[in-house]
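Q: Could you walk me through this model, starting with the metal site and then moving on to whatever else is worth a look?

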Amino acid sequence: MSAESAPSDRSARHAARMARKKALIDAAIASATDARGLLLVITGNGKGKSTAAFGMVARALGHGMKIGVVQFIKSRTDTGEEAFLGRQPGVEWHVTGDGFTWDTQNREQDIATARRGWAIAARMLADPSYQLVVLDELTYLLSYGYLDADTVLDALAQRPPMQHAVVTGRAAPHTLTELADTVSVIADEKHAFRAGVKAQPGIDL
Ligand code: ATP
Ligand code: MG
């Protein structure tokens, strides 16, 4: 007799496994009944953190939600996400950064810029009319100590109960991931930049 089981046996076993899996998933979905504003942190060294955040902006737009976006750090104003998402009605988009700290090389200037950006973010986090607030690259301002961590964490913790917030950036501090409901860490397995490819419109900006 062959070691391979007959195709009909395999199909029956597969169907039974899938039925068990479906019962488990259906039960898990049925027990997840809460609806509330979520804090998401997208961190790690791999590419895709801001992309994921702007994907949620697109989803939220599809639901007619009001969205606030603050881009910290970045100085470029030529990104596809700003050109497209930033001009949609219902989206308020702010680019507050002067570039990375190794561009400006001026800590005092960076701190002043960080505080200007944070003032906008804090206003949005206190206003329940914003249903989704994206704070892109906020983590750097915490890791460099440009913003007071407790002030930022308190504002996130005390935001309106139905408001979603997304924070992106590498090296998210533990205090932030602890507060978050959903944390994704994107790993850097490979990046085209290291093969000499410059930032590509539509992919990187
Ligand atoms: P993206 O905006 O593409 O989602 P990201 O938000 O995960 O990237 P950032 O650290 O904000 O990552 O970097 C933004 C820019 O740097 C993008 O052009 C991105 O492609 C590039 N980048 C991201 N990760 C890496 C990496 N590991 N090595 C080189 N370049 C990277
Ligand atoms: Mg990013």
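A: For the metal site, donors are N, O and S atoms within 2.8 Å of the metal (3.2 Å for Na, K and Ca), and since water is not among the atoms, sites may look incomplete. This is a predicted model, in which local features need pLDDT of at least 70 and side-chain atom pairs count only at pLDDT 80 or more, while totals for chains, interfaces and linings use all residues. Residues are numbered from 1 along each chain as its sequence is written, chains are lettered from A and ligands numbered from 1 in the order in which they are written, and side-chain values use heavy atoms, with hydrogens and water left out.

Q: OK, so which residues coordinate the magnesium ion?

A: The magnesium ion, ligand 2, is coordinated by S50 through OG and by E137 through OE, at 2.1 Å. S50 belongs to helix α2 and E137 to the loop between β4 (132-136) and α6 (138-143), so the pair ties together parts that are 87 residues apart in sequence; helices (H or I, at least four residues) and strands (E, at least two) are DSSP runs, numbered from the N terminus.

Q: Are S50 and E137 buried or exposed?

A: Both are buried, where buried means under 20% relative accessible area, exposed over 50% and partly exposed in between, with a 1.4 Å probe and protein chains only. For E137 the relative accessibility is 5%, and this residue also has a positive phi of about 70° although it is not a glycine.

Q: Where else is there a positive phi at a residue that is not a glycine?

A: A171 has one, of about 50°. A171 sits in the loop between β5 (164-168) and α8 (174-179), and at 55% relative accessibility A171 counts as exposed.

Q: Switching to ligand 1, what surrounds it?

A: Its shell holds 16 residues, of which K47, G48, K49, T51 and D204 are the closest; a residue is near a molecule if one of its heavy atoms lies within 4 Å of it, and the same rule serves for a strand. Helix α2 (residues 49-62) gives the largest share of that shell, three residues. By type, the shell divides into two nonpolar, six polar and eight charged residues, with Ala, Val, Leu, Ile, Met, Phe, Trp, Tyr, Cys and Pro counted as nonpolar, Asp, Glu, Lys and Arg as charged, and the others, Gly among them, as polar.

Q: And which distances do the oxygen atoms of ligand 1 make to K47 and K49?

A: One oxygen atom of ligand 1 lies 2.5 Å from an N or O atom in the side chain of K47, and an oxygen atom of ligand 1 is 2.7 Å from a polar backbone atom of K49.

Q: Back to helix α6, what does L138 touch?

A: Not counting residues up to four places away in sequence, L138 touches F72, W118, L147, V152, V167 and T168, contact meaning heavy atoms within 4.5 Å. L138 lies in helix α6 and counts as buried at 0% relative accessibility.

Q: What about T139, buried or exposed?

A: T139, also placed in helix α6, is buried, with a relative accessible area of 0%. Leaving aside neighbours within four places in sequence, T139 is in contact with V167, T168, G169, R170, A171, A172 and L176.

Terms used
A polar contact is a pair of N or O atoms within 3.5 Å; within protein, one must be able to donate a hydrogen and the other to accept it, and residues adjacent in sequence count only if both atoms are side-chain atoms.
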